[in-house]
Amino acid sequence: MKPWIRKFVGVIGATAAAVTIPMVVAPSAHADSAYRCNYPEVCFYADPNVQSSIVARFQVVTSSWQYLKYPNTGYAVVNTRNDDVAYVLQSDGKVLCVKPNGSFGSGERVVAVRIDSRSTC
């Protein structure tokens, strides 16, 4: 290798070694699963205990009710969404709100859910 090329390569190598590239790290998301319910789902369990089997999963924000295929007496509901509430319609007509990353158990028959982009109940 010619001396001027060796010198040029040496300068580039030294410059490359001295340059540090800042590492950009994305902020960590809150996207977590809970009780076998995956983000960004709202899950319904077979009874008011989240240890029971999941009988329905929803994740679409809608302006109308999404009905459970097999309504049952007594559900646990888990909302793994970070910024959206889930309104739950019970068979007695009462509507409950599950806040983001919230859950509750109900002894009433739950028939439908509506996921809303609001972040508070």
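Contact here means heavy atoms within 4.5 Å. With that in hand, here is a set of close-ups of a predicted model.

**View 1. The whole chain, one helix and six strands.**
This predicted model starts with its helix, and the strands follow, giving the order α-β-β-β-β-β-β from the N terminus on. Among contacts between residues at least 6 apart in sequence, 55% join residues at least 24 apart. Of the 121 residues in the chain, 32% are buried. The accessible surface adds up to about 7,900 Å², and carbon and sulfur atoms own 57% of that.

**View 2. The largest nonpolar core, with 13 residues.**
Which residues touch the most other members of this core? They are V42, F44, F58, L68, V77, V88 and V113. Strand 1 (42-45), strand 2 (54-58), strand 3 (66-79), strand 4 (85-90) and strand 6 (103-116) each give two or more residues to the core. There's a general habit behind pictures like this one: in soluble globular proteins, nonpolar side chains tend to be buried together.

**View 3. V42 and its company.**
Skip the residues up to four places away in sequence, and V42 still touches C37, A56, R57, F58, V77, V78, N79, R81, A86, V113 and I115. Some of those names come back in other views. Apart from the largest core lies another one, made of six residues, with C37, Y45, A76 and V78 among them.

**View 4. The disulfide between C37 and C43.**
How many disulfides does the structure hold? Two, and this view shows the one whose sulfur atoms, from C37 and C43, sit 2.1 Å apart. Both C37 and C43 are buried. The torsion about their S-S bond is about 85°, so this disulfide is right-handed. Number the bonded cysteines in sequence order and the pairing reads 1-2, 3-4.

**View 5. The disulfide between C97 and C121.**
Here the sulfur atoms of C97 and C121 are 2.1 Å apart. Right-handed or left-handed? The torsion about the S-S bond is about -80°, so this disulfide is left-handed. C97 belongs to strand 5 (residues 95-98) and C121 to the segment after strand 6, so the pair ties together parts that are 24 residues apart in sequence. With a relative accessibility of 27%, C97 counts as partly exposed. C121 comes in at 56%, so it counts as exposed.

**View 6. R81, in the loop between strand 3 and strand 4.**
Is R81 buried or exposed? Its relative accessibility is 8%, so R81 counts as buried. The cut-off for that label is under 20% relative accessible area. The side chain of R81 reaches the backbone oxygen of P40 at 2.8 Å. Leaving out neighbours within four places in sequence, R81 is in contact with Y39, P40, E41, V42, Q59, V61, P100, N101 and I115.

**View 7. D84, another residue of the loop between strand 3 and strand 4.**
What does the side chain of D84 make a polar contact with? The partner is the side chain of R81, at 2.7 Å. D84 has a relative accessible area of 12%, so it is buried. Setting aside residues up to four places away in sequence, D84 touches V61, N79, K99, P100, I115, D116, S117 and R118.

**View 8. The cis peptide bond from Y39 to P40.**
Look at the backbone where Y39 runs into P40: the peptide bond is cis, with omega near 0°. P40 is in the loop between helix 1 (3-18) and strand 1. Its backbone oxygen is what the side chain of R81 reaches at 2.8 Å.

**View 9. R36, with a positive phi.**
R36 isn't a glycine, yet its phi is near 70°. Where is R36? This residue is placed in the loop between helix 1 and strand 1. Its relative accessibility is 42%, so R36 counts as partly exposed.

**View 10. N101, with a positive phi.**
N101 isn't a glycine either, and its phi is about 60°. N101 sits in the loop between strand 5 and strand 6. With a relative accessible area of 45%, N101 is partly exposed. You've met it before: N101 is one of the residues in contact with R81.

Technical notes: Residues are numbered from 1 along each chain as its sequence is written. This is a predicted model: local features need pLDDT of at least 70, side-chain atom pairs count only at pLDDT 80 or more; totals for chains, interfaces and linings use all residues. Side-chain values use heavy atoms; hydrogens and water are left out. Helices (H or I, at least four residues) and strands (E, at least two) are DSSP runs, numbered from the N terminus. Buried means under 20% relative accessible area, exposed over 50%, partly exposed in between (1.4 Å probe, protein chains only). Accessible areas come from the Shrake-Rupley method with a 1.4 Å probe; for residues, only the protein chains shown count as cover. A nonpolar core is a set of buried Ala, Val, Leu, Ile, Met, Phe, Trp, Tyr and Cys residues joined through side-chain atoms within 4.5 Å. A polar contact is a pair of N or O atoms within 3.5 Å; within protein, one must be able to donate a hydrogen and the other to accept it, and residues adjacent in sequence count only if both atoms are side-chain atoms. A disulfide is a pair of cysteine sulfur atoms within 2.5 Å.
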